[in-house]
Amino acid sequence: MIRSAASQVARLSVARHADSRILSTTIRFMSGQWSNELEPHLLPSALEIVNPISIEESIEATKTAAQDPLRVKEILRNAVDRALLKGSGIPSANAQHEFVQGLTLEEAATLLNLDPKTQPELMDELYNAALEIKERIYGNRIVLFAPLCLSSYCVNSYTYWAFRGENKHIARSALSKDQLIAETEALQRQGHRQLLMLTGEHPKYSFENFLDAINTVANVKTDPCGSIRRINVETPALSVSDLRRLKATDQVGTYTLFQETYHPEAFKKFHPSGPMSDYEHRLQTMDRAHIAGMDDVGIGALFGLHDYRFECLAMLQHAQHLDRTYQAGPLTISIPRIRRADEAPAALSVSYPVADEDFAKLVAVLRCAVPYTGMILSTRESPEMHSRLLNLGISQMSAGSRTDVGSYTKGDISHETELAAQHANENTGDHEERKGQFSLLDDRPVDEVVYSLMESGFVPSFCTACYRKKRTGAGFMAIAKEGNIRNFCHPNSLLTLQEYLEDYSSPETKKMGHLVVDQEKATIGGSTKAFEKKLLRIREGKRDLYF
């Protein structure tokens with residue numbers, strides 16, 4: 001029987017959480033979490049968002065269909081037609097929804113059941129379909145960003161990251177205001193315009209501290225024209241009231257929170273204690289974000305904690321729920337694979353390791369399933385894997401990333417001395433070595449990444465225009481689903497690339513970049529004259545021009 005213990009847990013959850021829509025406010029206020037709820041709200045139950053039973057049934061029921069070349073080719077043909085707005089197989093009453101224009105749960109499950117080893121020809125067709133969809137919607141641009149870790153303090157017990165509360169082998173720290181400014185300046189000198197600010201959950205670094213940090217980063221400027229134009233955030237699960245405060249900063253682009261694993265039993269296993277151990281509360285976070293007006297949200301799963309097929313289908317269900325309920329699916333989906341981490345048992349012995357071929361497959365399937373959602377790849381993956389997956393659906397990637405607190409200014413001796421003194425004052429036992437959250441496989445500096453992308457036919461983009469022009473949430477999706485978003489994003493990517501070439505690139509990268517910009521401007525279309533005027537102004541010293 002495919003109805004595992006997870007199905008039984010799901011059934012019990014129906015009764016247990018039948019009144020959760022009413023009780024959540026009181027419970028959250030009394031529990032003393034990092035973020036408490038101060039206003040009443042109605043939320044769907046976990047089962048209304050992700051249904052483990054239907055996912056398991058879909059995986060089992062589509063195994064035969066995955067062996068049928070005709071059925072697989074039909075699914076791929078429909079996926080391309082829907083994404084390209086040809087209308088194949090789209091129920092007219094629901095055509096506005098992104099997930100209808102992508103794949104159904106059954107279709108995605110069928111593709112996930114393909115075997116790369118025994119079905120190479122069908123795999124090639126899947127990859128070709130994913131690339132066609134990506135090129136039509138996103139073109140050849142790749143958005144670049146960097147993570148900025150503010151604090152390594154954490155009260156949660158999760159068994160796959162080094163920052164978990166039980167790990168006594170790392171020195172804990174949080175950035176002071178001066179240290180945060182130094183980190184931001186270091187990132188600006190790399191050429192970054194977009195950051196993902198993140199922190200652990202601990203009273204030593206509060207939500208108030210986090211809001212102050214956002215304001216600090218937003219106001220840091222460096223020569224010649226350094227500034228952070230978009231701040232995305234990844235925090236512990238927030239209440240509606242605190243999400244409203246986050247929105248009120250008017251500095252935040254995307255609110256990101258990974259479910260880590262959507263499988264209820266696996267979630268309980270890998271999160272044995274702490275506020276983060278509440279599966280349903282975490283899963284409801286994106287609903288709270290939309291209620292609070294944060295309409296650009298990012299979801300993700302950590303691949304290796306459970307069956308990758310289950311996680312992909314759960315993310316699809318999550319996206320479907322958000323699109324149905326708020327007319328905007330997630331702006332981004334992140335797909336990190338678990339990597340080794342200090343004193344993290346689940347990272348040292350992975351329960352469900354994902355082979356490279358299966359990882360490539362899931363990227364391609366997700367691109368077909370949610371064609372208008374950005375897909376993010378981190379520096380957990382090697383440069384070789386980056387090169388491969390960029391042609392299968394990835395549209396954003398981190399570059400020059402570090403995962404430890406204060407690590408971007410590591411070359412600054414005075415700053416290192418300050419951090420060392422801070423660590424010495426912490427009660428962390430005999431261990432004073434600073435370690436990141438997890439190991440990285442791509443340590444290339446930003447300039448090398450930019451050069452490599454252009455060499456491979458991509459346009460590196462530092463664009464933040466949609467957020468600043470209020471093309472967000474349902475408004476962004478409406479433009480994207482009409483096939484028009486690249487009319488904004490492509491010229492903006494070239495303008496931000498030109499800025500990078502003028503201010504931060506090496507001579508070799510600048511030489512190649514000018515060739516790329518001149519070649520790509522011919523593909524812009526109707527806005528060519530306006531683009532050339534802005535491009536000329538940037539080359540003359542003006543900055544921050546966009547459509």
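The protein chain in this predicted model is built with 24 helices and 11 strands. Of its 547 residues, 62% count as buried. The accessible surface adds up to about 21,100 Å², and carbon and sulfur atoms make up 51% of that area. Looking at contacts in the chain with a separation of 6 or more, 77% come from residues 24 or more positions apart.

Now for a look at one helix, H7. Helix H7 runs through residues 120-137, so to speak a stretch of 18 residues, and spans 26 Å from its first C-alpha to its last. That is close to the 26 Å expected at 1.5 Å a residue. Right after H7 comes Gly 139, with a positive phi near 65°.

Which residues of H7 are buried? The list is Leu 122, Met 123, Leu 126, Tyr 127, Ala 129, Ala 130, Ile 133, Lys 134 and Ile 137. These residues sit on the same side of H7, because they take up an arc of only 160° around the axis. Flip over to the face turned away from that buried side, and the exposed residues Glu 121 and Asn 128 show up.

What covers the buried residues of H7? Among the covering elements are two helices from earlier in the numbering, H5 (69-83) and H6 (105-112). Strand E1 (141-149) is also part of the cover, and so are helix H16 (356-369), helix H17 (383-389) and helix H22 (485-503).

How values were computed. Residues numbered from 1 in each chain as written. Predicted model: local features only at pLDDT ≥ 70, side-chain atom pairs only at ≥ 80, totals over all residues. Heavy atoms only, no water. Helix = DSSP H or I, 4+ residues; strand = E, 2+ residues; numbered from the N terminus. Buried < 20%, exposed > 50% of the residue type's maximum accessible area, 1.4 Å probe, protein only. Contact = heavy atoms within 4.5 Å. Areas by Shrake-Rupley, 256 points an atom, 1.4 Å probe, with all protein chains shown as cover. Expected span 1.5 Å × (residues − 1). Arc of directions from axis to C-beta.
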